[in-house]
Amino acid sequence: MRIDLSKLKIKIEEMPKEYQGLGGRGLSSHIIGKEVPPKADPIGLENKLIFSAGILAGTTVPNTGRLSVGAKSPLTNGVKEANAGGSAAHKIARLGFQAVVIEGRAKEPTLVKIDKNGATFSPASSLKGVGNYELIERMRKEHGNKISIVSIGPAGEMKLKAASVMVTTPDFHIRVAARGGLGAVMGSKNLKALLIDDTGSSPVEAKANAKFRESIAALSKAILADPLGPGFRDIGTPVLVMMINSFGCFPTKNYSLGQFGGAEKISGEYMAELMKKRPNAQPSHRCMDGCIVGCSNVYTDEKGDVIVSGLEYETIGLMGSNCMIADLDSIAHMNRVCNDVGVDTMDTGGAIAVAMEAGLLAWGDGKAALSLVKEIEKASDRGLMIGNGCKFTGEKLKVKRIPQVKGQCLSAYDPRGLKGLGVTYATSPMGGDHTAGIVLPNPGNPSYHPGSPSGQATPSQFMQTFMAAVDSLGLCMMAGMPLLDPVPQLSLISCVSAFTGESLDEHYLEKLGKSVLRAERRFNDAAGFTEKDDRLPGFFQEEKLPPSGNVFDVPEEEIDTVNRF
Ligand code: SF4
């Protein structure tokens with residue numbers, strides 16, 4: 001479905017030949033590559049905003065309801081895809097669409113609702129400046145509980161570079177397509193919210209039903225066999241806090257230390273114990289229908305009022321240890337404000353840490369950090385600075401150590417001890433991003449050394465290719481990681497084959513992932529990116545990371561082999 005907001009018209013078209021077989025990130029990146037001029041202004045009329053359901057969205061294949069949001073990024077100036085769980089992608093697919101492409105710009109803030117009859121447009125001036133939590137409540141009252149809501153907060157309306165896009169879960173918590181400032185693109189189109197109602201739609205059918213059911217059973221078994229699964233289910237992604245801290249790669253004090261003295265106080269284990277004492281807290285929560293892992297959570301205060309769902313590892317790393325804040329409640333409240341105003345917790349956390357380094361507020365001062373985040377909504381000078389992300393804030397405050405690549409703040413892993421991930425940060429077309437291809441030590445592969453300067457390009461390339469395919473299928477990363485080995489991968493390929501009716505070989509994921517990376521790389525090259533943009537900031541090479549003393553020393557020649565095919 002193409003929605004022209006300038007004319008308030010829709011056009012429904014068959015999937016063009018060049019996009020067939022694509023979904024999720026693959027589809028959005030190909031559309032951007034084909035239809036958006038590489039030098040376009042990201043918040044100008046030529047940019048397009050794509051909401052793309054994964055190839056397997058709308059089916060009963062577990063964990064396949066991620067919604068890809070794509071556009072040329074105001075943060076990186078390159079191609080961008082950020083994805084989120086929630087209920088939108090399944091609903092879009094059940095209405096018969098692979099993607100909703102937003103073009104043009106409405107004259108005033110606008111609400112678009114799509115359902116089985118097409119799309120309706122209504123003015124949303126009364127929602128101007130309204131935060132995401134209030135918006136969700138108002139939409140539910142007006143449109144009922146069958147809808148999914150994709151929205152922006154005031155940060156998107158103000159077109160801030162760290163603005164994100166929110167997607168509701170089936171029980172109306174918020175998931176976030178956080179990265180790359182895509183909320184600013186939505187704001188630039190004057191689209192305040194997209195509502196999706198799939199009432200009366202038909203289930204998505206597979207071409208080969210019996211084989212499909214069999215393949216789903218095998219795939220589910222493979223996902224549930226993941227030895228890390230119970231940890232993610234019982235403690236959520238914060239289970240990574242103590243693990244990454246023990247590796248000496250937990251970003252601390254604006255990436256100047258690899259271990260945090262207060263790590264235990266913000267660990268998943270501590271959080272799980274806290275939740276036992278708090279009414280209504282849920283240590284395991286499913287962000288979409290069909291999830292069989294349940295890595296999310298519902299974090300409440302002492303009275304049982306929900307603060308945020310879910311409180312994730314990346315937020316804890318960037319807003320916690322990296323700012324020296326050892327208090328989960330402070331981090332959760334900052335997370336809530338970020339969700340409400342609509343900004344990425346990672347870039348915002350990175351911005352607060354560089355502001356602390358500049359002396360604007362004290363290290364570890366959770367109260368001051370929370371009030372700084374609240375400034376975004378007030379549009380004060382400091383708020384606008386923080387809302388434009390880590391790089392903008394660091395440059396404005398003349399901070400030398402800014403942990404970003406292609407304008408995007410790194411996520412919560414220091415690349416000096418995880419050098420394969422450092423190569424991903426450097427070379428991903430997405431900018432510094434762990435979901436683009438995380439490389440972690442693997443007990444099944446003891447010959448891989450994450451701190452070695454050599455042998456890092458190959459695992460980074462493998463993971464970037466794999467994740468580009470996973471993001472195109474709409475599969476969540478937690479369900480994708482147990483499928484790294486060829487045997488469980490076959491059950492996933494078999495699901496796609498039974499669903500589409502095509503015969504696919506064992507190289508399907510690799511071919512899909514490479515075609516996506518190729519399209520993204522081509523766009524970024526044409527937008528003006530060069531090998532110089534595939535580098536980590538100098539301080540990662542020059543400053544030894546305590547306590548390991550590691551520096552990032554992967555040779556540039558090795559880095560430059562990645563994504564060049
Ligand atoms: S595993 Fe986590 S991220 Fe994935 S679908 Fe379930 S709750 Fe969402």
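# A walk through the model

The second largest pocket has a volume of about 910 Å³, and that is where our tour starts. One thing to keep in mind as you click around: this is a predicted model.

**Stop 1: the pocket**

Select Met15, Leu22, Gly96, Phe97 and Gln98. Among the 31 residues that line the second largest pocket, these five lie nearest its centre. Now colour the lining by residue class, and you should get 19 nonpolar, six polar and six charged residues. Next, bring up helix 1 (24-35), strand 6 (99-103) and helix 19 (486-500), the elements that each give two or more residues to this lining. Which element gives the most to the lining of the second largest pocket? That's helix 19, with three residues.

**Stop 2: a hairpin**

Move along to residues 110-115, which make up strand 7, and then add residues 118-123, which are strand 8. The two strands run antiparallel and are joined by six bridges. Look at the turn: strand 7 and strand 8 form a hairpin, and two residues sit between them. For a close-up, click isoleucine 114 and look across to strand 8, where alanine 119 stands opposite.

**Stop 3: the six-stranded sheet**

Now zoom out from the hairpin. Strands 8 and 7 belong to an open sheet of six strands with the order 8-7-12-9-10-11, and the pairing in this sheet is mixed. Which strands are at the edges? Strand 8 and strand 11 (174-177) are, and each of them pairs on one side only. Ignoring direction, neighbouring strands here are turned by 20° against each other on average.

Go to the middle of that order and select strand 9 (residues 147-151) together with strand 12 (residues 191-197). This pair runs antiparallel, with five bridges between the two strands. Valine 150 makes a handy landmark, since leucine 194 in strand 12 stands opposite this residue. While you have the side chains switched on, here is a pattern to look for: in a regular strand, side chains alternate between the two faces of the sheet.

Then show residues 132-143, which form helix 3. This helix lies across strand 7, strand 9, strand 10 (165-168), strand 11 and strand 12. Compare directions and you'll find helix 3 running at about 150° to strand 9.

**Stop 4: the three-stranded sheet**

There is another open sheet to visit, this one with three strands in the order 13-14-15 and antiparallel pairing. Its edge strands are strand 13 (282-285) and strand 15 (306-309), each pairing on one side only. From one strand to the next, the twist averages 25°.

Pick residues 296-300 to light up strand 14, which is joined to strand 15 by three bridges, the two running antiparallel. Where does valine 298 find its bridge partner? Over in strand 15, at serine 309.

Two helices are worth adding here. Helix 9 (residues 268-277) packs on the sheet and touches strand 13 and strand 14, with its direction at about 55° to that of strand 14. Helix 11 (residues 328-341) packs on the sheet too, touching strand 14 and strand 15, and its direction makes about 70° with that of strand 15.

**Stop 5: some backbone oddities**

Stay at serine 309 and look at the next peptide bond. From serine 309 to glycine 310 the bond is cis, with omega near -15°. Glycine 310 is in the loop between strand 15 and helix 10 (313-320).

Jump to proline 546 and proline 547 for another cis peptide bond, with omega near 5°. Proline 547 sits in the loop that links helix 21 (539-542) and helix 22 (556-559).

Finally, click asparagine 254, in the loop between helix 8 (240-247) and helix 9. Its phi is positive, about 50°, even though this residue is not a glycine.

**Stop 6: around the ligand**

Select the ligand and show its surroundings: 14 residues, with Cys287, Cys291, Val293, Cys295 and Cys476 the closest. How does this shell divide by class? Into seven nonpolar, four polar and three charged residues.

**Last stop: the cavity**

The largest cavity has a volume of about 50 Å³. To find its lining, select Lys406, Thr427, Pro429, Arg521, Asn524, Asp525, Phe529 and Asp534. By class, that makes two nonpolar, two polar and four charged residues. Add helix 20 (residues 508-527) to the view, as this helix gives the most to the cavity lining, with three residues.

Methods
Residues are numbered from 1 along each chain as its sequence is written. This is a predicted model: local features need pLDDT of at least 70, side-chain atom pairs count only at pLDDT 80 or more; totals for chains, interfaces and linings use all residues. Side-chain values use heavy atoms; hydrogens and water are left out. A residue is near a molecule or strand if one of its heavy atoms lies within 4 Å of it. Ala, Val, Leu, Ile, Met, Phe, Trp, Tyr, Cys and Pro count as nonpolar, Asp, Glu, Lys and Arg as charged, and the others, Gly among them, as polar. Two strands pair if DSSP finds at least two bridges between them. Helices (H or I, at least four residues) and strands (E, at least two) are DSSP runs, numbered from the N terminus. Axes are lines fitted to C-alpha atoms, for helices over the stretch in contact, and angles run from 0 to 180 degrees between N-to-C directions. Contact means heavy atoms within 4.5 Å. On a 1 Å grid over the protein atoms alone, a cavity is a set of points where a 1.4 Å probe fits but cannot get out, and a pocket is an open set with protein on both sides within 12 Å along at least five of seven lines; lining residues have an atom within 4 Å of a point. Grid points are joined across faces, edges and corners, and a volume is the space filled by probe spheres set on the points.
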